[in-house]
Amino acid sequence: MKKTTGRMLLTCAAAMAVTSALLGGCAGSGGDQVTVKPPPIRAESGKIELEQIIRLEDAYGFAWLSDSEIISTKKPKWMEAPLYVHSLVREKDPDKTLGVQEALTVNPSPEGKVLFVSNQMKASFLRMEDLKTIPLDVSNGNESILNGNVRGAWLGEKAYLFASADGLVVADLDGNAASVLKFKDGQTPVKVEAAVDPKDPKRFTAYFIDEERKVYSLKIVIEDSRFPKAEGSPELLETHAADFSVSPDGTRLAVAEETGENANRLELVKTGETETGTTLIEGRLIRQISWSPDGSKLAYSLFNLERGGSGLYVMDTKTGHTTLVSLYPNLQSLLIWSPDGNQLMMSQENPEMNLTTERTKLMTEIYRFK
């Protein structure tokens, strides 16, 4: 598998000049213009193949509402602009406002019936059927304890797990919130995910990574007559991780393990086992790891200029074949899959622009696979 990946990276490097021209030539003039670009490269020996790349100018995509609709904003996030529903199949239709703004994270429930919306100060649920907002109490009496930069995770359709300044909190759809984990002093989560127990839909395993680069798991149970609660203490899984993502079925962890200064390797580890994982790729910086909903694809960002392999990649998790889908180096955006797993969304605020002005350039790209 390492040799196959290496050949792929060399091929990507050879195509970089051509691809850069393609990417550079697709910038629109603003407004609601949509540009569809030819894929930069195709993995001839792999099963994953790009059908097209759709670029949305002046839009920042937060989440998928369905396979054909995204939730986005039209201004930088710090401006607390309204959220919209944008259709990818009816481009001429006006965007629908959700009546919500001030969002740093937006996360739809698995069936898309409820949105969790948060920023640095407050959080709420938004019911899509009537657009009713249900605020959450995320204060300690004097100030907000919300860790609004961290996107949380749904525990089925009935509860949501999110990060606070001092731990993990679970909220139910009535707006009730309670701590399920208090962190030790100085410990702060930077990413939170969860997976359901395949044998019991009321039990979940939460995963989180903290600023000390340690990955933990925590069992959570949701009972009909009681508020969600944690079972036992967190279990330490990895001690030198730069990023991670759990597969939708909860059986595998993809971990970007730190192997040296600015050196990572992406490993696939079976949950609940102590055996050494399978190394998928090595690079300087591996970030933004994200599984497709069906577990068949794994997306990640690789920064590795000295080897000519920087960009956004998607791997077939059954065969190991990897496809380069863009050449953006060192992505900061979350990589968000559509519900059917056939489209991947990446959004950015142009880092070369002044992010404190209204002239900040927003861009969302959607990679659609065959």
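# A chat about strands, asparagines and aromatic rings

Q: Let's start with the sheet around strands 19 to 22: in what order do the strands run, and is the pairing parallel or antiparallel?
A: In this predicted model, four strands form an open sheet in the order 19-20-21-22, and their pairing is antiparallel.

Q: Which strands stand at the edges, and why is one side of each left without a neighbour?
A: Strand 19 (241-246) and strand 22 (278-283) are the edge strands, and because each has a single partner strand, one side of each has no neighbour in the sheet. From one strand to the next, the twist averages 20°.

Q: How many bridges hold strand 20 and strand 21 in their pairing?
A: Strand 20, covering residues 252-260, and strand 21, covering residues 263-270, pair in the antiparallel sense over eight bridges. As one point of register, A256 has L266 in strand 21 as its bridge partner.

Q: And strand 19 with strand 20, how many bridges there?
A: Strand 19 and strand 20 pair over five bridges, again in the antiparallel sense, and A241 stands opposite E257 of strand 20. The hairpin that these two strands make has five residues between the strands, and G250 takes a positive phi there, near 75°.

Q: Strand 19 is at an edge, so is it mostly covered or mostly open?
A: Strand 19 is mostly covered, since six of its six residues are buried.

Q: Now N264, where does that residue lie, and is it buried or exposed?
A: N264 lies in strand 21, and with a relative accessible area of 4% it is buried.

Q: What does its side chain reach, then?
A: The side chain of N264 reaches the backbone nitrogen of I286 at 3.0 Å, and a polar contact of 2.8 Å joins the side chains of N264 and R287. Leaving aside neighbours within four places in sequence, N264 is in contact with a list of residues that includes A242, E257, I281, G283 and L285, along with I286 and R287.

Q: There's another asparagine I'd like to look at, N119; where is it, and is it buried or exposed?
A: N119 is in the loop between strand 8 (114-118) and strand 9 (123-127), and it counts as buried because its relative accessibility is 8%, where the cut-off for buried is under 20%.

Q: Which backbone nitrogens does the N119 side chain reach?
A: The side chain of N119 reaches the backbone nitrogen of M121 at 2.8 Å, and it reaches the backbone nitrogen of K122 at 2.8 Å as well. Not counting residues up to four places away in sequence, N119 touches E102, L104, L146 and G148.

Q: E102 turns up in that list; what's its phi?
A: Phi of E102 is near 60°, which is a positive value in a residue other than glycine. E102 has its place in the loop between strand 6 (96-97) and strand 7 (105-108).

Q: And L131, what phi does that one have?
A: L131 has a positive phi of about 55°, although it is not a glycine. L131 lies in the loop between strand 9 and strand 10 (132-135), and it is partly exposed, with a relative accessible area of 37%.

Q: Switching to aromatics, how many pairs does a search of the whole structure find?
A: The search finds 10 aromatic pairs. One of them is formed by F183 and F208, a tilted pair with 5.3 Å centre to centre and 40° between the planes.

Q: Why does that pair tie together parts that are apart in sequence?
A: F183 lies in the loop between strand 14 (177-182) and strand 15 (189-197), whereas F208 lies in strand 16 (residues 200-210), so the pair ties together parts that are 25 residues apart in sequence. Both F183 and F208 are buried.

Q: Which residues form the aromatic cluster?
A: F116, F125, W154, Y160 and F162 form one aromatic cluster.

Q: Last, the whole protein: how many helices and strands, and what share of residues is buried?
A: The protein has two helices and 29 strands, and buried residues make up 52% of its 370 residues. The protein exposes about 17400 Å², of which carbon and sulfur atoms supply 48%. Among the contacts with a separation of 6 or more, 44% are between residues 24 or more positions apart.

Definitions and conventions. Residues are numbered from 1 along each chain as its sequence is written. This is a predicted model: local features need pLDDT of at least 70, side-chain atom pairs count only at pLDDT 80 or more; totals for chains, interfaces and linings use all residues. Side-chain values use heavy atoms; hydrogens and water are left out. Two strands pair if DSSP finds at least two bridges between them. Axes are lines fitted to C-alpha atoms, for helices over the stretch in contact, and angles run from 0 to 180 degrees between N-to-C directions. Buried means under 20% relative accessible area, exposed over 50%, partly exposed in between (1.4 Å probe, protein chains only). Contact means heavy atoms within 4.5 Å. Accessible areas come from the Shrake-Rupley method with a 1.4 Å probe; for residues, only the protein chains shown count as cover. A polar contact is a pair of N or O atoms within 3.5 Å; within protein, one must be able to donate a hydrogen and the other to accept it, and residues adjacent in sequence count only if both atoms are side-chain atoms. Rings of Phe, Tyr and Trp (its six-membered ring) pair if their centres lie within 6.5 Å; planes under 30 degrees apart count as stacked, over 60 as edge-to-face and the rest as tilted.
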